[in-house]
Each structure stands twice: as C-alpha cells, then as structure tokens.
Amino acid sequence: MSQQEGARTRPEPISGLYLNPVGQRRLDFQQACGALFGKLRVAGGIEEAGAMLEAEAADVLVLDLERFEPGIDLPLLADLVARREGAPVLLLCPFTNARWLPSLMAHGPLHYVIGPLAPEQLREEVAARLHAGFAPAAPATPAEEELAALLGVRSDAQQALAEADDSIRFAERLCVALLGWPGVVHASMFQLREGKDLRLEAQSGQPAFLPGARGLDLTAVLGRGERLLQSPLRHAFPGLLAAAGGETALLDAPEKAGEAELAATLRGHGVEMVLGLPIPASGPGAPRGALCLMFGERRAFSQAQLAACDDLAQLAAFGLRMAELMRESEELLGRVTQLATLDALTGVANRRHGEFLMEQEIRRARRYRVPLALIAFDIDRFRNINDSFGHPVGDVVLRTVADTARLLLRSSDVLVRSGGEEFQVIAPHTSAIDGLKMAEKLRAAIEGTEMPGCDHVTISLGVAQLGETESGDSLAVRVNAALARAKRAGRNCVELAMQ
Ligand SMILES: Nc1nc2c(ncn2[C@@H]2O[C@H](COP(=O)(O)OP(=O)(O)OP(=O)(O)O)[C@@H](O)[C@H]2O)c(=O)[nH]1
C-alpha cells in the first residue's frame, strides 16, 4: 500500500496537539507549522497533553521528544500514544533519544522523524505528513514475505548456535544470517570482553552482486576494531551506543549522528539507516555487546520486526554465553591436563607423560626413519645439598637445573623429570653423536650456572640412540646404565650407551 493510498481525507480544519517541555520550542513550532493547522494546541508535559486530549480529541498528535530529560516517563508517553483515539502520531525524536522509539512503536503505529531539523525542514515534514496521511510507512516487502524472511533469519541464527563453541565463528555465522533480514545490507556484532574492552567480533555485508554495503569495513569506519568504548564515535555510532548504554539506538539518516565523515562513509556505501540492538547480559550490569544492522533505505519497523529484534538479541546473548562456557571448560581442561602431565616443582613433563611422549617419538622415528636419542642426567651428590642446605634449597636447585636445561634445548626436545633428581631429554632427529654433543653442552651449562643458596652443582649424563627394533624400555635401561657408568667414572661427565 503506498502512502498516497493510505492517506485519509480529513475534514478541514485539521486540529493538532503539539507536546514539548520547552516554551521557546513550542513557540517555534507554532511559528513554523501553526499555519498548517486549523487549530493547534500546545502542551508542556505528557500529563497535560493527556488531559487536553481527554477534553477534546485532536486530528494529529505531534510529540516532540527534543529536550525531554533522560528520565522521561516512557510508560506515560506510551500511554498517550496508545490513547490517541485514532489520531495519527508524529514523533519528533532527537538522535540521542532514538532508543525510545522501539518501545513507543510497540504501542501503536506512529511516524517518526529523527532530529535535529531546521524550521523549514520541520514544516516540510509536518506538511508532507498532513498531505500524505499517517498510514505507517510501508515495509519494503509485503507482510507475508517479510514474515517468511524473518523466520528464515531466526532459523539461520539458531543454526549459528552450532558454532557457539567459538565466539568469533558464532558471530560470523550470525552476521551472515542477519543479512537475510529484509533491507539489511550490513550486519555486525560487538562483544564486551571482560566487562571493559568492546571489540568488533564479526561483520558481514551483502555479497558483491547486490547493491549496498559492498566492501564496507567497520574497522576502517570506526578507526579500530578493539577498545571501541574509547572510540571517538562511541556517542554517534548506533552499534557502539547500544553496547555502551544497553538500549536500542536508531539512526534513520547518517547525517543525524553529527559526524560528517561517518555520514559520508555510510552514505558512500548505500547505508540510509542504522539500528543498534543491545545484547543483554545474563545478570545485572553492562550488556554483553550489541548487534548492528545497516539498512539500504529508511523504513519503519513492524511489531513483528521489533519482536524479532528482541529474539535475535536474546539468541546472540545465549550464543555468546555458550562460547564463554566452552572457553571456561577448555581452560579448566587445560589446567587439569597440565596437572596430570607436568611436574609441579619444575614445570617440565612428569615421568608418566614422558613415557607417553617417548612412545610417540619412537613411532614417529620409525615411520620417518629418523634417529632418536635419549639423554638421562642426574644431579651429583644431591643428597649432600639437601643435608647441608635444607630441602627448600634442594628444591630451588632442581628448578634452576630444569630451567637451565630447558633454555638450551630445541623446541622439539622434551625435558622430563623422571625421578627425584633425575631428568631425561627426548631428542627427536638426533643421532648418538649429536646426543653426545648436546649432553656435553648441558653438563657445561649446569656446571657454569650459579645455584641460589648453594653455589654450584654438577650433573652426570648417559646418552643412547634408539636401535632399529628397540623398545622404549630397552632404550631406558641402556641410557640408565650409561648414566651409572658416568657416576662410577667420577661424575660431572657424559657416557655413551652400549648397543
Ligand atoms: N629437595 C628435594 N630433594 C629431593 C627431591 N626428590 C628427591 N630428592 C632427594 O634427592 C636425593 C637423591 O640422593 P641419591 O639418590 O643418594 O643421589 P645423590 O646424592 O645425588 O648421589 P649421586 O646421584 O650418586 O651423585 C635424596 O636425598 C632425595 O631426598 C625433591 O623433590 N626435592
């Protein structure tokens, strides 16, 4: 239905009721638009307007929300919208209070214009409305088609939950789903990380063959993708406003945000209207983030769309919570795995995990026909250190030895604490000769390292290369025998294992 078809024929003169709390603004309106009405009454407060309406009906209600304080009594205003006795409602709304629009729209059809407007623009808007009638702007697509599209968006968005083990993948899928919303040319999701760092989690624009937000990159538009609560556009861009303030933000013309560069970029990408929807937190406090939808044309929202907005924001909240739970459980699993595989004192692999890794490396060495060496070393006369300096100093020595060895090893080598003061190095791609060189480097490094609390220690080492058909147990026996020979040979030296 076109707006012309929706026009009502009104008996002249048209009576109007204008509401605004500021006297000068009421005078300005009377001056700019008074001539358009046969009778124009003005009210300074919502209750006063309600009383006037009760005393005498008006053909048109003009509710000007400019200069209303943030603490405006929205339910009372909504009641006025609901009680207008069939009279059309024109809402003049400053951009900063556009979050009030969706809840007012839910109380009956209304027209809105987002301010600020110059007096002549205001007159043109009011005249255009009076001329065209007040049938709500027709949605871009017929109602049935639109509902089918919204159901499709919801079902695609639900499918995105399958990716909710990772917040970025989930956000990407959800943004793609949101592009199915009639008229949406670009969709994005912002997430508040640990309550303070707002970041752009994902964005998606219509594919290149469609007009609209082709190639629109929000990171470039906003100047950054992280720490967005510190962005200079946090008071202007609806996605950021919604995430920061927790309320819906609607920009029905890019210029109205008062940021010329932002407006030019959005217009350059065919964006006419931007909607920011807060993603609610699971409990009280700041929202979890926001969804941001950009439209290729200005449009009114139907009740079904407003309800769908709520649904999608809830679904986004659910998906992000699932991703968070998944991350927490992975962290927990990581900590449990660490506890099960690492030695608590030194942080290197424990004996059991060392045996597992050894078997893995043996299989790899066989498959790729590469050499594998095992080095075993043991701190010399460690009992004396404990006895002379105490157990805590002994612990520090164990840690220092492990740290010193770890720094010398390649990333593919594995250091294992195989017993009290015994360690092993599993060295893939290493022959007996290279193993001997490595062992000598370890020996010299430990000897040259100052041990806190007890000056210096030395180590004895055994080296063995895995035989062609040899088992891990046999390799361990041979390397320990070599280590025992090094001890017998006077300690602080390296011995190569026999075949
Ligand atoms: N501080 C500390 N000592 C440990 C730990 N685990 C084992 N030990 C001690 O390490 C010492 C090992 O002594 P021995 O096996 O006799 O060997 P050693 O004194 O190093 O003599 P050699 O190996 O023959 O040179 C014992 O005194 C154990 O109590 C530990 O976690 N912390």
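**Figure 1. Strands E12 and E13 of this predicted model pair side by side.** Strand E12 (residues 414-417) and strand E13 (residues 422-428) run antiparallel and are joined by 4 bridges. Follow the chain from E12 into E13 and you pass through a hairpin of 4 residues. For a handy landmark, pick Val416, whose bridge partner in E13 is Gln424. In a regular strand, side chains alternate between the two faces of the sheet. Here, Val414 and Val416 point one way from E12, while Leu415 and Arg417 point the other way. Each of these four residues, Arg417 included, is buried.

**Figure 2. Five strands make up an open sheet.** Reading across, the order is E7-E6-E10-E9-E8, with antiparallel pairing. The edges belong to E7 and E8, each of which pairs on one side only. On average, neighbouring strands in this sheet are turned by 15° against each other, direction ignored. Zoom in on E8 and E9 to find 3 bridges between them, again in the antiparallel sense. In this pairing, Leu251 stands opposite Val274 of E9.

**Figure 3. Helices H8 and H10 meet the strands of the sheet.** Helix H8 (residues 167-178) lies across E6, E7 and E10, and runs at about 45° to E7. H10 packs on the sheet as well, touching E6, E7, E8, E9 and E10. The direction of H10 makes about 20° with that of E9.

**Figure 4. Helix H10 is mostly covered.** Of the 8 residues in H10 (residues 238-245), 7 are buried. They are Pro238, Gly239 and Leu240, followed by Leu241, Ala242, Ala243 and Ala244. What lies over these buried residues? The cover includes strands E6 (184-193), E7 (197-205), E8 (249-251), E9 (273-279) and E10 (289-295). Do look just past the end of the helix, where Gly246 takes a positive phi of about 75°.

**Figure 5. Helices H14 and H15 pack against each other.** Two packed helices are described by the angle between their axes and the distance between the axes. For H14 and H15, the angle is about 135° and the axes are 6 Å apart. The two helices are therefore oblique to each other. On the H14 side, the contact is made by Phe382, Ile385, Asn386 and Phe389, which meet His391, Val393, Gly394 and Val397 of H15. By class, the residues of this contact are 5 nonpolar and 3 polar, with no charged ones.

**Figure 6. A shell of 16 residues surrounds the ligand.** Asp380, Phe382, Arg383, Gly394 and Gly420 come nearest. Strand E11 (372-379), helix H14 (382-389) and helix H15 (391-408) are the elements that give two or more residues to this shell. Which element gives the most? That is H15, with 4 residues. The shell divides into 8 charged, 4 polar and 4 nonpolar residues. Two of the nearest residues may look familiar from the previous view: Phe382 and Gly394 also take part in the contact between H14 and H15.

**Figure 7. The whole protein chain sets these views in context.** Zooming out, you will find 17 helices and 15 strands. Of the 499 residues in the chain, 38% count as buried. Among contacts between residues at least 6 apart in sequence, 66% join residues at least 24 apart.

Definitions and conventions. Residues are numbered from 1 along each chain as its sequence is written. This is a predicted model: local features need pLDDT of at least 70, side-chain atom pairs count only at pLDDT 80 or more; totals for chains, interfaces and linings use all residues. A residue is buried if 20 or more other C-beta atoms lie within 10 Å of its own, exposed if 12 or fewer, and partly exposed in between; C-beta atoms are placed from the backbone. Two residues are in contact if their C-beta atoms, placed from the backbone, lie within 7 Å. A residue is near a molecule or strand if its C-beta atom, placed from the backbone, lies within 6 Å of it. Ala, Val, Leu, Ile, Met, Phe, Trp, Tyr, Cys and Pro count as nonpolar, Asp, Glu, Lys and Arg as charged, and the others, Gly among them, as polar. Axes are lines fitted to C-alpha atoms, for helices over the stretch in contact, and angles run from 0 to 180 degrees between N-to-C directions. Angles under 35 degrees count as roughly parallel, over 145 as roughly antiparallel, 65 to 115 as roughly perpendicular and the rest as oblique. Two strands pair if DSSP finds at least two bridges between them.
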